[in-house]
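Hi everyone, thanks for coming. I'd like to take a few minutes to walk you through one structure, so please have a look at it with me.

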2 protein chains.
Amino acid sequence: MTQFPPFLEETDDTRDAIMRATYAALCEHGYSELTIQRIGDAFPKSKSLLYHHYDSKDDLLLEFLSFMLDQLEGQIPTYREGGADDHIAEIVEQTFDLGVAEMSADFTRALVELRAQAAHDEGYRDHFTRSDQFVRKHVAHTIRSGIEQGVFQDVDPQETAALFQVVFVGTMTQRVTSDDDVLEGGRSAFERYIRECLLEAE
Amino acid sequence: MTQFPPFLEETDDTRDAIMRATYAALCEHGYSELTIQRIGDAFPKSKSLLYHHYDSKDDLLLEFLSFMLDQLEGQIPTYREGGADDHIAEIVEQTFDLGVAEMSADFTRALVELRAQAAHDEGYRDHFTRSDQFVRKHVAHTIRSGIEQGVFQDVDPQETAALFQVVFVGTMTQRVTSDDDVLEGGRSAFERYIRECLLEAE
DNA sequence: ATGTGCTAACTGAATAGTTAGTCAGCACGT
DNA sequence: ACGTGCTGACTAACTATTCAGTTAGCACAT
């Protein structure tokens, strides 16, 4: 059975139930084998009802992505005070260890497939652009704080955050698309980068 | 019209022609809208003939990937002597600037889509595992040479190459799936990493 | 209370289109 | 005669989407 993230708890709302069904179907079948039928199967009501609430399969999935991103954005405390260095360490931990926080491996898989759609679909590209910008700005802001706190060297926050973003996407993609084990080694090397190029020597 | 890479020159061989047609169709339509029909359209002979040479669509595409990888592996001089530092600089250039060498943007797009299939398809995963290993070992070898040459610090070649691989996949994916411009900044930050964590200070 | 009109949620069955894959047979070099 | 490369027409399965029609609930006049 699919393990739902906390913000997808049971509610009576039909549209929430559709989001839940979409999440479940995506985890179970992946994007490439996702059909309206299968979303319907994961949904207590009828398949046709999906069209009552959304214009098309595409519309539904885009709304789904937007819904997930909203939840995620709402969930991340804009910035909990505390050492910026600790926060960065947490981000690295999440990047190389589990992927994103509570995301199941199955959902990560589907997410990588969904991102790939952005290569030829503007709607998806818009979504991931927004998503990337959110993450990158969050990291940049953290780095800026760290510099002010004196725990980071005087680096360019934008550029550094950009590298974080690339490493983040690369890791996530690599994890689910290749058995070549690159994560442990990549992590060591990246931590060395943080130690020598980001953290202020004490 | 599709611009073919040099190793896909015109030949009489039918199977080469099929590879060419697959490449062209992939560039024109991307993976998600790739059909046997469309490969047939880009092919001077008939669609049914494809089944005479390959068992299934999946078989054909896997053979195509394998074919491309063989060509690429054969093309990269195992190691042209010369400064390992220059060679690494070239790799960085190719990573952030054009993507891989002469690959068209269209093909890169398709390649990202193809990689995403590996999330749920073992055949594709095997391919990209092999592909990743090749690249990573090539980079690791270059780094090892650089250390011996005294131009690189005494880093762990495996770990460093792993980070290169992650950055490579991340950049390629990001480039075609997001309009958030992360490449320039990522490049600057990565070049700083190379300067401070890889190159031997002179 | 009750009947009436109206709307939104909902359903099962149908449809039109597309797809991978098949197959009987043609041309032709040996 | 025979195998090989090759073809066009075909099919069976699956897809997103539609649609005619059922229900349940609500507002409101009687």
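I'll talk about how the two chains are arranged, then about the interface, and then about one residue in it.

Before anything else, please keep in mind that this is a predicted model.

Let's begin with the arrangement. If you turn chain A by 180°, with a shift of 0.0 Å along the axis, you can lay it on chain B with an RMSD of 0.1 Å. The two copies are thus related as by a two-fold rotation axis. And where does chain A come nearest to that axis, going by C-alpha atoms? That is at Gly170(A), whose C-alpha lies 1.7 Å from the axis. Both copies also use the same surface: of the contact residues of chain A, 100% recur in chain B.

Now for the interface itself. On each side there are 49 residues: 49 of chain A are in contact with 49 of chain B. As a general point, people often give the size of an interface as the accessible area lost when the parts come together. Here, chain A and chain B bury about 4,000 Å² between them, and 59% of that is on carbon and sulfur atoms. If you want names to remember, take His120(A), Val166(A) and Asp180(A): they supply 15% of the area that chain A buries against chain B, more than any other three residues.

What about polar interactions? Across the interface there are 18 residue pairs in polar contact, counting pairs with both residues at pLDDT 80 or more. There are also four salt bridges between chain A and chain B. One of them joins Asp179(A) to Arg125(B), with the closest N and O atoms 3.5 Å apart.

Which elements of chain A give two or more residues to the side that touches chain B? Those are α6 (105–117), α7 (122–149), α8 (157–177) and α9 (183–198). The largest share, 14 residues, comes from α8(A). Sorted by class, this side of chain A has 18 nonpolar, 19 polar and 12 charged residues.

Finally, let's zoom in on Thr129(B), which sits in helix α7 of chain B, residues 122–149. Is Thr129(B) buried or exposed? Its relative accessible area is 11%, and the cut-off for buried is under 20%, so Thr129(B) counts as buried. Across the interface, Thr129(B) touches Ser178(A), Asp179(A) and Asp180(A). You've met two of those already: Asp179(A) in the salt bridge with Arg125(B), and Asp180(A) among the three residues that supply 15% of chain A's buried area.

That's my tour, thank you!

How values were computed:
Residues are numbered from 1 along each chain as its sequence is written. Chains are lettered from A and ligands numbered from 1 in the order in which they are written. This is a predicted model: local features need pLDDT of at least 70, side-chain atom pairs count only at pLDDT 80 or more; totals for chains, interfaces and linings use all residues. Side-chain values use heavy atoms; hydrogens and water are left out. Copies are superposed by least squares on the C-alpha atoms of residues with pLDDT of at least 70 in both. Contact means heavy atoms within 4.5 Å. Buried area is the accessible area (1.4 Å probe) that two parts lose on being put together, summed over both. A salt bridge is a side-chain nitrogen of Lys or Arg within 4 Å of a carboxyl oxygen of Asp or Glu. A polar contact is a pair of N or O atoms within 3.5 Å; within protein, one must be able to donate a hydrogen and the other to accept it, and residues adjacent in sequence count only if both atoms are side-chain atoms. Helices (H or I, at least four residues) and strands (E, at least two) are DSSP runs, numbered from the N terminus. Ala, Val, Leu, Ile, Met, Phe, Trp, Tyr, Cys and Pro count as nonpolar, Asp, Glu, Lys and Arg as charged, and the others, Gly among them, as polar. Buried means under 20% relative accessible area, exposed over 50%, partly exposed in between (1.4 Å probe, protein chains only). Lists of a residue's contacts leave out its neighbours within four places in sequence.
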